[in-house]
Amino acid sequence: MPRVSSCFSSFAGWGVLLCLAIGMKIPAVAGPQQQALAAKTYPIRQRPVRELLRTQDPAILTPRVYNSVTPENAFILVSLSKQRAYLMTGRDGEIAIDTPISSGKAAGMTPKGSYTVLQKDQDHRSSVYGNFVDRKGRTVRSGVSTRIDSAPSGTRFVGAPMWYFMRFTWNGVGMHVGILPGYAASHGCIRLPADIAPRFYEKVKIGTPAQIIE
């Protein structure tokens with residue numbers, strides 16, 4: 001909880017000097033390093049934005065189980081409420097990878113249901129979100145959507161990279177490498193850490209079952 005303390009000091013001829021010191025303690029999270037950080041107090045103005053974001057627990061890979069996963073028995077489970085994804089040996093099998101994700105930022109953007117991997121593309125790029133670049137490849141406008149933005153004269157659209165893309169729906173939902181800010185923030189896809197996406201990718205095939213739950 002925030003802690004606020006005020007002190008008032010009087011000086012002859014100078015009136016009253018008000019001193020306000022504000023500090024906030026960071027909630028403790030798993031891991032000794034994070035707990036040590038949580039014990040400190042930081043002035044609000046000096047705290048970088050990254051410290052205000054919730055830190056997700058890191059990915060856990062169990063080598064024994066991971067080595068037993070094959071494209072024939074792999075199963076993907078995604079939990080929107082937990083913001084976690086799991087690579088498993090079958091629907092009721094053991095968990096090979098337990099990883100943080102970032103799913104759709106609004107309800108329904110990442111639809112719940114049962115799916116299969118429809119496409120695999122290691123160097124996939126978005127057909128909707130990306131940048132407008134000029135003839136020399138310089139970005140003129142970033143973070144655009146082809147659904148609402150028009151390319152300025154002399155520019156072309158370059159889709160945002162979605163490396164190790166595993167498609168679940170033909171309207172754009174899938175898993176791929178992406179930024180994980182600590183909460184649901186995507187346009188519908190399921191973002192994975194850069195070191196975890198290739199491990200999912202190599203273990204699944206077109207037709208691998210996947211389930212997205214609350």
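**Exercise 1. Place Ile213 on the scale from buried to exposed, then say what surrounds it.**

*Solution.* Start with the surface value: Ile213 has a relative accessible area of 32%. The buried class ends under 20% and the exposed class begins over 50%, so Ile213 counts as partly exposed. Bear in mind that this is a predicted model.

Next, find its element: Ile213 sits in strand E14, residues 209-213. Now look for company from elsewhere in the chain. Not counting residues up to four places away in sequence, Ile213 touches Leu77, Val78, Ser79, Leu80 and Lys112. Gly113 makes a nice long-range pair with Ile213: they are 100 residues apart in sequence, yet their C-alpha atoms are 6.6 Å apart in space.

**Exercise 2. Work out how E6 is paired and how well it is covered.**

*Solution.* Take the partners one at a time. With E5, strand E6 pairs in the antiparallel sense over six bridges. Within that pairing, Val78 stands opposite Ala85. Four residues lie between the strands in this hairpin, and Gln83 takes a positive phi near 55° there.

On to E7: here E6 again pairs in the antiparallel sense, over five bridges. Arg84 stands opposite Pro100 in E7. The E6-E7 hairpin has five residues between its strands, and Gly90 has a positive phi near 90°.

Last comes the cover. Six of the six residues of E6 are buried. Split them by face and you get Arg84, Tyr86 and Met88 on one side, with Ala85, Leu87 and Thr89 on the other, all buried.

**Exercise 3. Is Ser103 buried or exposed, and what does its side chain meet?**

*Solution.* Locate it: Ser103 is in the loop between strand E7 (95-100) and strand E8 (113-116). Then check the surface value. A relative accessible area of 2% is under the 20% cut-off, so Ser103 is buried.

For the side chain, Gln83 is the residue to pick: a polar contact of 2.7 Å joins the two side chains. That is the Gln83 of the E5-E6 hairpin, the one with the positive phi. Leaving aside neighbours within four places in sequence, the contacts of Ser103 also include Leu80, Thr110, Ala184, Ala185, Ser186 and Cys189.

**Exercise 4. Explain why Lys203 counts as buried, and find what its side-chain polar atoms face.**

*Solution.* Lys203 lies in helix H3. Its relative accessibility is 13%, which falls under 20%, so it counts as buried.

Now follow the side chain. The backbone oxygen of Tyr66 is 3.2 Å from a polar atom of the Lys203 side chain, and the backbone oxygen of Val69 is 2.9 Å from one. Tyr66 and Val69 are also among the contacts of Lys203 beyond four places in sequence, along with Asn67, Val69's neighbour Thr70, Pro71, Ala74 and Leu87. For a sequence-to-space comparison, use Phe75: Lys203 is 128 residues from it in sequence and 9.4 Å from it in space, C-alpha to C-alpha.

**Exercise 5. Trace the largest nonpolar core and say which elements feed it.**

*Solution.* The largest nonpolar core has 27 residues, and those with the most contacts inside it are Ile76, Val78, Leu87, Phe168, Met175 and Phe200. Helices H2 (63-66) and H3 (197-203) each supply at least two core residues, as do strands E5, E6, E7, E12, E13 and E14. In soluble globular proteins, nonpolar side chains tend to be buried together.

Zoom in on Phe168. Beyond four places in sequence, its contacts include Ile76, Tyr115, Val117, Leu118, Met175, Ile190 and Ile212.

**Exercise 6. Which strands stand at the edges of the five-stranded open sheet, and why?**

*Solution.* Write out the order: E10-E9-E11-E12-E13, with mixed pairing. E10 and E13 each have a single partner strand, so one side of each is left without a neighbour in the sheet, which puts them at the edges. On average, neighbouring strands of this sheet are turned by 50° against each other, direction ignored.

Then check each end. E9 and E10 run antiparallel and are joined by four bridges; Phe132 has Arg141 as its bridge partner. Gly137 takes a positive phi near 85° in their hairpin. At the other end, E12 and E13 pair in the parallel sense over three bridges, and Val177 is partnered by Leu192.

Terms used:
Residues numbered from 1 in each chain as written. Predicted model: local features only at pLDDT ≥ 70, side-chain atom pairs only at ≥ 80, totals over all residues. Heavy atoms only, no water. Buried < 20%, exposed > 50% of the residue type's maximum accessible area, 1.4 Å probe, protein only. Polar contact = N/O pair within 3.5 Å; in protein donor to acceptor, adjacent residues only side chain to side chain. Contact = heavy atoms within 4.5 Å. Pairing = 2+ DSSP bridges. Core = buried A, V, L, I, M, F, W, Y, C linked by side-chain atoms within 4.5 Å. Axes fitted to C-alpha atoms, helices over the stretch in contact; angles between N-to-C directions.
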